Amino acid sequence: MSVSAEPAGNFDSTYNMFFSASENIEMENQDKEPLLPRTPVQRTFDYVLVSPKHEEDDDDLKIQRAQAFIRQLEKKNFTVIRIQHEEKIFYGLRAPNDIFEDYTYLLKVSDSCNWSGVLKGEVTQATRIRIVHFILHNTFTISGENLKELLEKDVFETTFCLHERKEQKKLRQKWARWTGLFKPQPLSSVKQYFGEKVALYYLWLSWYTMLLVPAAALGVVVFLYGLAFFRTNPLINEVCESSIIMCPRCDKPCKVWQLSDTCTYAKVSLLFDNEGTVAFAMFMAIWATLFLELWKRHRARHVSKWKVYDWCEEEEELILEIVNDPSCSPKQFRHSYFRSTLVLILVTLMLMIIIGLAHALVVFRVVAAALLSNADWEFIRDQPHSVAVMLGAVLHYLTIQIMTRVNRWVALKLCHIEKTNSFASTERSFTVKMFTFQFFTLFSSLFYVAFFLGRINGHPGNYTRIATWRLEECHPSGCLTDLFIQMAVILLLKQTLNNIFEFTIPWVKSLFSKNASKSLRRKCGHCYRKACRDEQGRVEPCDICKLRDWLRNYHLTNTDAFSLFNEFLEMVVQFSFTTIFVAAFPLAPLLALLNNIFEIRLDAIKMVRLERRLVPRKTNDIGVWTQVLEAIGVLAVIANGLVIGITSDFIPRLVYRYRYGPCAAGNATTNCMSGYINDTLTTVYQSHTAAWGDFTEAQMKTETGMNVTQCSYRDYRDENYTLTSQFWLVLAVRFAFVILFEHVVVVCKFIAAWFVPNNPIQVKNERLRDKLARLKEELREIRSCKSTEV
């Protein structure tokens, strides 16, 4: 290992920090006596650039490009320290004091950012990192190349900001550990270290998790309600004790089957498809609105306390532009109808591809059900439909993992076509596109199962086919169980596997990388007494100690602008699962609650211990995610109304009870739902040659070898295959229920939104007091200046 240093300027003495000399030694040596007395040391470097060691002739151009970029930074009075280690060259960057003085002054005179909490006292390291990050990515060489292009061309390998060891240790003790699973989060410390954007993510996640408690509790109650009564439900007994022969579910491999064979399936269906589901779906639709309205109040309290309530992201970018280049020109707003039309066409094309993949999953389920009917295993042969549904859900999950990467690439390319004028607008545009693609990827298959499965498959004599394969049919007990299975498999796999990979990969990488700086430990400890002083006698880590700290950060998992976006996307997708199809899966809020309890600490441990430090960003809201959540809340009302009215058997049972059942005929001695299953079935006879042509003789043999001359299928049709009046009555009641449900819930949502104001009165009064105090302070300063002049 060779270490060489080439200082490119004197260190800025203005930013001395009060760290002890022992704090630059490894964490395990912190309990020992310090080698030097406690004297102030200089602030850590703001950023580190890493480039490969270019030695070959072909790499001369890369060396020149790297040197040209460093020279541009030196022209801006950056202090640059160059240390070579093995095959890497590390550049430590420290920005001059003038940059931060200019930034502080521009904040004071700005319209929206002048009360951002950094005017008094020194500029924090998080603010320094944010400013330097912007300058680095907006510094151009003479040839016009910026840092992004140099990274793409392998001139530089990577760039990162450094963890502050002292603050990092505090966060590890108070926050980033599993023993603090049920303790409140130190959001103020998180804000100081990672910036407001990360703090607001954890604030939102903790608020979302807390409000999931009543939703999860009610979901468990609804589940227990179904569990308590499903054993005595007459519909289950009617299925389990039935002697009805059902028609084959697919072509040649499938045979007729006994309705009683699906007794377990009927029990599961009625476990989730009951009266309690309707009330729970209404509750969750209103809960989504209350969650968002209460979140706005909760956010207002914290951003007011953090002094960023009126902060504007676009104005912050203008300030950073001026700090970076005082002669800069503003990026003009642009709009091109051609670009907008092109983006719209490409987005539509992408959505068609995603929907096409959902159709491919439908074909897979149809083919799999047919092939599994001839499987060697008795369980699979007896339950081909259920196994096909589960396999389809697993394949859907794999498709989601692949399409997530494709969706990101496409969304980035579309943003590049749009040519937005700021990072904030680019981020908003990317978020909307990426979430739209992910939503269709995740929910296209679920929408098919919820609203099309069993409704477009046709009937004997007129089956609907795709490439000669018959479409699937609903179970006689309803289609809701298929939706439940699909949701449960995707949600469990997505949450469990994602969290495992999300944590395991950085953790394993950190284990292997710990040995990288181990050889520098003893050298750093011995050199500290001899070499860690500068010319003025101040404590300044030597090159070995600097390199050791840089290597420690270098070997952590890389982070970028997508790191926090990925966490938000994961949680918003979970919110979609929890609200949109909750009528089919009342336990979804419980699974989300359990996942989020661990998700908060898992993300904290990753950010503090296993990943490079995120670039701290200032904001006062979660951005466009608020509008996305509001759209999901509206869609949840529509989807749950349709699931109850169209997918579940709630309406057909209601119609049967009060119009066609025994109680409707005045027979109160029997159960009102007696005969319901038989009422929903239509029988096809051998005499109907057109319909009988869909089945071969082999298909019309039971497992015992007995030939049958008739079979039943789920539909409301007479002997001539004409839809009965009962079908039209049920359909009319279904639509009437959907309209009534959605209007009632929407009215409740509006009332809830009106009843809960966005800003608490306390926040409004505090802002008035803060503004008044600031104006008085400005007036006192002016009067003081006038009296001095006199």
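This report describes the nonpolar cores, one buried threonine, and the cavities and pockets of a predicted model.

## Basis of the description

Because the model is predicted, local features need pLDDT of at least 70 and side-chain atom pairs count only at pLDDT 80 or more, while totals for chains, interfaces and linings use all residues. Residues are numbered from 1 along each chain as its sequence is written, and side-chain values use heavy atoms, with hydrogens and water left out.

## Nonpolar cores

A nonpolar core is a set of buried Ala, Val, Leu, Ile, Met, Phe, Trp, Tyr and Cys residues joined through side-chain atoms within 4.5 Å, where buried means under 20% relative accessible area, exposed over 50% and partly exposed in between (1.4 Å probe, protein chains only). The largest such core has 130 residues, and those that touch the most other members are Phe-194, Tyr-202, Trp-204, Trp-287, Leu-483 and Phe-581. Helix α7 (residues 196-229) supplies the largest share of this core, 16 residues; helices (H or I, at least four residues) and strands (E, at least two) are DSSP runs, numbered from the N terminus.

Leaving aside residues up to four places away in sequence, Trp-287 touches Tyr-208, Leu-211, Leu-212, Ala-215, Phe-575 and Thr-579, contact being heavy atoms within 4.5 Å. A second, separate core of 33 residues includes Leu-73, Leu-93, Tyr-103 and Phe-156.

## A buried threonine

Thr-647 lies in helix α21 (residues 625-647) and is buried, with a relative accessible area of 1%. Not counting residues up to four places away in sequence, Thr-647 touches Ala-450, Phe-451, Arg-455, Cys-479, Leu-480, Leu-642 and Arg-734.

## Cavities and pockets

On a 1 Å grid over the protein atoms alone, a cavity is a set of points where a 1.4 Å probe fits but cannot get out, and a pocket is an open set with protein on both sides within 12 Å along at least five of seven lines; lining residues have an atom within 4 Å of a point. Grid points are joined across faces, edges and corners, and a volume is the space filled by probe spheres set on the points. The structure holds five cavities of 30 Å³ or more, and the second largest has a volume of about 60 Å³. Residues lining this second largest cavity include Leu-491, Lys-494, Asn-498, Glu-570 and Phe-577, and the elements that give two or more residues to its lining are α16 (480-513) and α19 (562-580).

The second largest pocket holds about 1,000 Å³ of space and is lined by 32 residues, of which Arg-405, Arg-408, Asn-498, Glu-502 and Asn-566 lie nearest its centre. Helix α19 gives the most to this pocket's lining, with eight residues.
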